[in-house]
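Reader: I have a model open on my screen and would like to learn how to read it. Could you walk me through some features, with the general idea and then the case here?

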Amino acid sequence: MEDEQMHTQSTEIDLLTPSRELPLYGKRILVTAPRNYAYRLSEQIIKQGGLPVFMPTIETCYLSNYTKLDAALNHIGEFNWIVFTSRNGITAFFQRMNDLNIPVSVVQKCHLCALGEDAESLLSFCGKVDLIPTESSTGGIVAELAKLPQIHEKKVLIPAPEVVGLPEPDVVPNLITDLRKLGIKVTPVPTYITQGLDASIYSIELNLMRQGIIDVIAFSSTAEVESFLTMVNSQSDYERCIIACFGPYTTANAQKLGVDVSIVSKDYSSFEGFAEAIAEFFTLSSTSG
């Protein structure tokens, strides 16, 4: 009981810290993540004292054609592993199982893999997760699976996004290629849609950016960067903003697309780590300044 009281007290003190003392005080941070991720990232930015500006450049939706996914779900017992690369994939996968009245118990014979905090979502749906890679990335998935005996004999299902109206980011295609190099039989199946949003709804946010009122643009995926670049006229639109990316893969792809990245989250298993990386950047800047 005493421990609980101490914990409650420390949390309250943290929440009562004056805004001026927080590292992101007065900083406006453009959040480009789709709405089902954006609220989680925004919460972490607010905790650090920042002012999130909501401008999702992509959205994730249910499929319009379920033929391939339904075929996979009806033969789920044939797969040794189901590898989820996103929380969206987990949600859409189990939602479709529910729609088809397929019992969750059918996945119990498969080994299940999820990244970082996505494992919590997987556990909530089926009470099981067999692998959470040490590195929360598709590269981490490959590294962990490569260690397993007889992995070359296994069949792996990857619930993947169907990308509409954007160039397909190379993250999932590279994962498929790397797993096939290990001799694994890989079956990617479209499970949800990722699509760009129309820039016309963002005249206010884009003007804030052009005026230099936005301090940071926070990208959590390559698709967000690609869609964002279709919304701006040129680099001069965002040259006064500091660019932050959620991990090295998004960073590398952003740089390939000509975006200069200043902040890279080292802990990319959670949005808390992303917000802390942005906060650390400004803390170090003010100290050195």
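Author: Gladly. Let's start with the inside of this predicted model. The largest cavity has a volume of about 840 Å³.

Reader: How many cavities of 30 Å³ or more does the structure hold?

Author: There is 1 of that size.

Reader: Which residues lie nearest the centre of the largest cavity?

Author: Look for Y37, T85, S86, S220 and S221; they belong to a lining of 36 residues. By character, that lining splits into 15 nonpolar, 15 polar and 6 charged residues.

Reader: Which element gives the most to the lining of the largest cavity?

Author: That is α9, with 3 residues. Elements that each supply at least two lining residues include α2 (35-47), α7 (171-181) and α9 (222-231), as well as the strands β3, β6 and β7.

Reader: Those strands bring me to pairing. How do I read that?

Author: The general idea is that strands of a sheet pair through backbone hydrogen bonds, in either a parallel or an antiparallel sense. In this model, β7 (residues 185-196) runs antiparallel to β3 (residues 58-61), and 4 bridges join the two. For a place to look, find C61, whose bridge partner in β7 is I193. With β6 (residues 155-164), β7 runs parallel, joined by 10 bridges. There, P161 stands opposite Y192 of β7.

Reader: What is the strand order in the open sheet of 5 strands?

Author: Reading across, you meet β2-β1-β8-β9-β10, with parallel pairing. The edges are β2 (51-54) and β10 (263-264); each has a single partner strand, so one side of each lacks a neighbour in the sheet. Within this sheet, β8 (residues 216-219) and β9 (residues 242-245) pair in the parallel sense over 4 bridges. One pair to click on is I217 with its bridge partner in β9, I243. Helix α10 packs on the sheet, where α10 touches β8, β9 and β10, and its direction makes about 135° with that of β9.

Reader: And two helices side by side: at what angle do the axes of α4 and α5 cross?

Author: The axes of α4 (residues 87-99) and α5 (residues 118-126) cross at roughly 10° and come within 9 Å. Angles under 35 degrees count as roughly parallel, so α4 is roughly parallel to α5.

Reader: Which residues make that contact?

Author: From α4 come R87, I90, T91 and F94, and from α5 come D118, S121, L122, F125 and C126. These contact residues divide into 5 nonpolar, 2 polar and 2 charged.

How values were computed. Residues are numbered from 1 along each chain as its sequence is written. This is a predicted model: local features need pLDDT of at least 70, side-chain atom pairs count only at pLDDT 80 or more; totals for chains, interfaces and linings use all residues. Side-chain values use heavy atoms; hydrogens and water are left out. Axes are lines fitted to C-alpha atoms, for helices over the stretch in contact, and angles run from 0 to 180 degrees between N-to-C directions. Angles under 35 degrees count as roughly parallel, over 145 as roughly antiparallel, 65 to 115 as roughly perpendicular and the rest as oblique. Contact means heavy atoms within 4.5 Å. Ala, Val, Leu, Ile, Met, Phe, Trp, Tyr, Cys and Pro count as nonpolar, Asp, Glu, Lys and Arg as charged, and the others, Gly among them, as polar. Two strands pair if DSSP finds at least two bridges between them. On a 1 Å grid over the protein atoms alone, a cavity is a set of points where a 1.4 Å probe fits but cannot get out, and a pocket is an open set with protein on both sides within 12 Å along at least five of seven lines; lining residues have an atom within 4 Å of a point. Grid points are joined across faces, edges and corners, and a volume is the space filled by probe spheres set on the points.
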